[in-house]
Amino acid sequence: MNRLKNDCYLRALLKQPIDYTPIWIMRQAGRYLPEYRTTRSISGSFLSLCKSPELSSEITLQPLRRFPLDAAILFSDILTIPDAMGLGLYFKSGEGPKFSNPISCIADIKKIGVPDPEHELQYVMNAIRQTCKELKNALPLIGFSGSPWTLATYMVEGGTSKKFTKIKKMMYREPIATHLLLNKLANSIIEYLNAQIKAGVHSVIIFDTWGGILTTNDYESFSLAYMKKIINNLIHENNGTRIPITLFTKNSGIWLEKIAETGCDSIALDWTIPISDAKYRVGRKVALQGNMDPSILYAKPERIREEVETILKNFGYTNSGGHVFNLGHGIHSDVEPESVRIFIETVHKISPKYHRST
Ligand code: 1CP
């Protein structure tokens with residue numbers, strides 16, 4: 001792999017010395033950008049954007065043309081795997097993702113197979129290859145997947161949910177069937193992420209957006225155990241370069257020590273835990289990403305700057321990386337792009353003093 005011009009993000013994750021704190025933003029390519037809205041309206045649908053390597057790559061690059069971000073994240077979605085399993089993903093405007101063939105019983109689970117990433121999901125791999133070509137080694141490209149548990153919630157609920165009644169009913173009444181589903185998903189995610197790494201991504205994230213709705217015991221057996229299995233089976237190096245792995249479980253502040261034991265390189269935090277507490281609890285075992293409340297971007301510039309300073313100060317001085325700045329969840333679609341610029345510039349401007357060794 002050729003050397004990247006800006007590898008600050010990877011160095012921070014691998015706890016190597018850096019000059020400033022790198023930043024990328026969850027959902028940095030998306031609806032808050034007018035250029036995204038234009039490309040999306042021309043293409044007709046969100047899925048047609050994901051399935052076109054040219055458009056996916058174009059949208060991945062859009063925020064990088066505006067802002068000095070330190071990483072690119074592939075424009076795609078976590079629901080590509082269930083779609084490739086034949087569940088029929090579609091988006092109803094204002095209602096989020098939906099499946100026309102959701103999973104409702106063990107017979108449905110037995111029917112689904114492990115998608116071949118270079119066949120049913122080849123459009124994702126082509127988007128990665130196209131994006132790497134366009135990036136010309138300027139920045140690292142992040143690949144991702146949903147966690148088995150989070151994908152299972154969408155597949156069983158048939159879409160977005162508030163109460164998670166169907167998946168919880170299945171989990172408590174049919175634990176063997178639920179584990180069969182989670183195992184098939186874990187095997188699919190291993191193949192999918194390894195293919196992304198071979199196609200050129202420099203780092204991967206597993207999004208476990210809904211792990212935080214579980215009890216501690218159920219989180220360990222229905223979510224964390226499968227993320228651990230995935231980590232154990234991922235390619236950890238490509239052409240001699242280490243591929244850092246990040247886990248994000250929303251609402252997982254109480255489980256950080258357990259997450260740090262999985263073998264991941266970094267934990268992405270939501271905004272509910274002070275980053276100083278998280279750092280104290282995981283020590284130098286893993287790097288941390290986060291963790292500004294996305295709603296701070298509605299505030300006036302002084303308040304945004306103040307919050308950035310608080311988080312940097314809470315993480316504290318480091319002469320060996322370990323912190324990547326981010327929001328604690330995805331950016332809201334009605335945030336002003338100008339506020340995003342102030343946010344990124346502030347991180348770059350004030351973070352060097354937390355890294356200087358002299
Ligand atoms: O234009 C539109 O209306 C589509 C909105 C949209 C976008 C921009 C969806 C539908 N997905 C995406 C892109 C996306 N999704 C990215 C792109 C890369 C980036 O710039 O960051 C990523 C990483 C995701 C991941 C994703 N999708 C997650 C995990 C992270 C998280 O936000 O918690 C989840 C849960 C989804 C499901 C999904 N897809 C789309 C929506 C609106 C949702 C969330 C639905 C829900 O709240 O349940």
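Hi everyone, I'll talk about one sheet and two cavities in this structure.

A word on the model: it is predicted, so local features need pLDDT of at least 70 and side-chain atom pairs count only at pLDDT 80 or more, while totals for chains, interfaces and linings use all residues. Residues are numbered from 1 along each chain as its sequence is written, and side-chain values use heavy atoms, with hydrogens and water left out.

Let's start with the sheet. Seven strands (DSSP runs of E, at least two residues, numbered from the N terminus) form an open sheet in the order E1-E4-E5-E8-E9-E10-E11, with parallel pairing; two strands pair if DSSP finds at least two bridges between them. Strands E1 (72–73) and E11 (323–324) stand at the edges with a single partner strand each, so one side of each has no neighbour in the sheet. Further in, E4 (residues 141–146) and E5 (residues 203–208) are joined by five bridges, and Phe144 has Ile205 in E5 as its bridge partner.

Now, which residues line the largest cavity? Ile205 turns up again, and Phe207, Thr246 and Phe248 are also among them. By cavity I mean a set of points on a 1 Å grid over the protein atoms alone where a 1.4 Å probe fits but cannot get out; lining residues have an atom within 4 Å of a point. The volume, the space filled by probe spheres set on the points, is about 50 Å³ here. The lining has eight nonpolar, four polar and no charged residues, with Gly counted as polar.

The second largest cavity holds about 40 Å³, and its lining includes two charged residues. Lys279 and Arg284 are among the residues that line this second cavity.

Methods: Helices (H or I, at least four residues) and strands (E, at least two) are DSSP runs, numbered from the N terminus. On a 1 Å grid over the protein atoms alone, a cavity is a set of points where a 1.4 Å probe fits but cannot get out, and a pocket is an open set with protein on both sides within 12 Å along at least five of seven lines; lining residues have an atom within 4 Å of a point.
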